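Biologist: Please take a close look at one end of the chain. Describe how it is placed, what it touches, and where those contacts lead.

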Amino acid sequence: MEKWECPCGYVYDPEDGDPENGVQPGTPWEQVPEDWVCPKCGALKEYFEKVD
């Protein structure tokens with residue numbers, strides 16, 4: 001699954017998810033809620049970029 005990086009350097013890894021903020025492990029980026037924000041800096045999902 002694709003990983004996505006926030007401008008602050010946090011990387012969303014679908015294998016890990018973000019369970020502390022309601023995103024279960026195994027959740028692909030497309031299924032992460034639109035109102036989810038970076039747990040490190042609070043940036044909106046729209047600011048993340050796909051990691052090659």
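Modeller: Val-51 has a relative accessible area of 32%, so it counts as partly exposed. The model is predicted. Val-51 sits in the segment after strand 3. Setting aside residues up to four places away in sequence, Val-51 touches Lys-3, Trp-4 and Glu-5. The separation from Lys-3 is 48 residues in sequence, but 5.5 Å in space from C-alpha to C-alpha.

Two of these partners lead further into the structure. Take Lys-3 to begin with. Its side chain forms a salt bridge with Asp-13, with 3.6 Å between the closest N and O atoms. This pair links distant parts of the chain, as Lys-3 is in the segment before strand 1 and Asp-13 in the loop between strand 2 and strand 3, 10 residues apart. The two partners fall into separate accessibility classes: Lys-3, at 37% relative accessible area, is partly exposed, whereas Asp-13, at 15%, is buried. The limit for buried is under 20%, so Asp-13 meets it at 15%.

Lys-50, in strand 3, has a salt bridge too. Its partner is Glu-2, and the N to O distance is 3.4 Å. Glu-2 belongs to the segment before strand 1 and Lys-50 to strand 3, so this pair ties together parts 48 residues apart in sequence. Both partners are partly exposed, Glu-2 with a relative accessible area of 38% and Lys-50 with 43%. Side chains of opposite charge can pair when their charged atoms come close.

The whole structure holds 3 salt bridges. Besides the two already described, there is one between Lys-45 and Glu-34, at 3.3 Å from N to O. Both of these residues lie in the loop between strand 2 and strand 3, so the pair ties together parts of that loop that are 11 residues apart in sequence. Lys-45 is buried, with a relative accessible area of 8%, while Glu-34 is exposed, with 63%.

At the other end of the chain, Met-1 also lies in the segment before strand 1. Met-1 counts as exposed because its relative accessible area is 64%, and the class begins over 50%. Apart from neighbours within four places in sequence, Met-1 is in contact with Pro-14, Gly-26 and Pro-28. The C-alpha atoms of Met-1 and Gly-26 are separated by 8.8 Å, with their positions 25 residues apart along the chain.

Trp-4, the second partner of Val-51 to follow, belongs to the largest nonpolar core. That core has 11 residues: Trp-4, Cys-6, Tyr-10, Tyr-12, Val-23, Trp-29, Val-32, Trp-36, Cys-38, Ala-43 and Phe-48. In soluble globular proteins, nonpolar side chains tend to be buried together. Ala-43, one of the core residues, touches Cys-6, Val-37, Cys-38 and Phe-48, not counting residues up to four places away in sequence.

Cys-6 and Cys-38, which are in the core, also appear in the UniProt record. An unreviewed entry there lists Cys-6, Cys-8, Cys-38 and Cys-41 under "binding site". These four are spread over 36 residues of sequence yet cluster in space, with a largest C-alpha distance of 8.9 Å. Cys-38 is placed in the loop between strand 2 and strand 3, the latter spanning 49-50. With 3% relative accessibility, Cys-38 counts as buried. Beyond its close sequence neighbours, within four places, Cys-38 is in contact with Cys-6, Cys-8, Tyr-10, Ala-43 and Phe-48. Cys-8 is found in the loop between strand 1 (4-5) and strand 2 (11-12). Its relative accessibility is 29%, so Cys-8 counts as partly exposed. Again leaving out neighbours within four places, the contacts of Cys-8 are Cys-38, Lys-40 and Cys-41.

The contact between Ala-43 and Val-37 leads from the core to the surface. Val-37, in the loop between strand 2 and strand 3, counts as partly exposed because its relative accessibility is 32%. Together with Leu-44 and Tyr-47, Val-37 makes a nonpolar surface patch of about 260 Å².

Terms used: Residues are numbered from 1 along each chain as its sequence is written. This is a predicted model: local features need pLDDT of at least 70, side-chain atom pairs count only at pLDDT 80 or more; totals for chains, interfaces and linings use all residues. Side-chain values use heavy atoms; hydrogens and water are left out. UniProt positions are given in the numbering used here, feature names are shortened, and annotations may be inferred rather than shown by experiment. Helices (H or I, at least four residues) and strands (E, at least two) are DSSP runs, numbered from the N terminus. Buried means under 20% relative accessible area, exposed over 50%, partly exposed in between (1.4 Å probe, protein chains only). Contact means heavy atoms within 4.5 Å. Patches are made of residues with over 30% relative accessible area and no salt bridge: like charges are joined within 9 Å, nonpolar side chains (Val, Leu, Ile, Met, Phe, Trp, Tyr) within 5 Å. Accessible areas come from the Shrake-Rupley method with a 1.4 Å probe; for residues, only the protein chains shown count as cover. A salt bridge is a side-chain nitrogen of Lys or Arg within 4 Å of a carboxyl oxygen of Asp or Glu. A nonpolar core is a set of buried Ala, Val, Leu, Ile, Met, Phe, Trp, Tyr and Cys residues joined through side-chain atoms within 4.5 Å.
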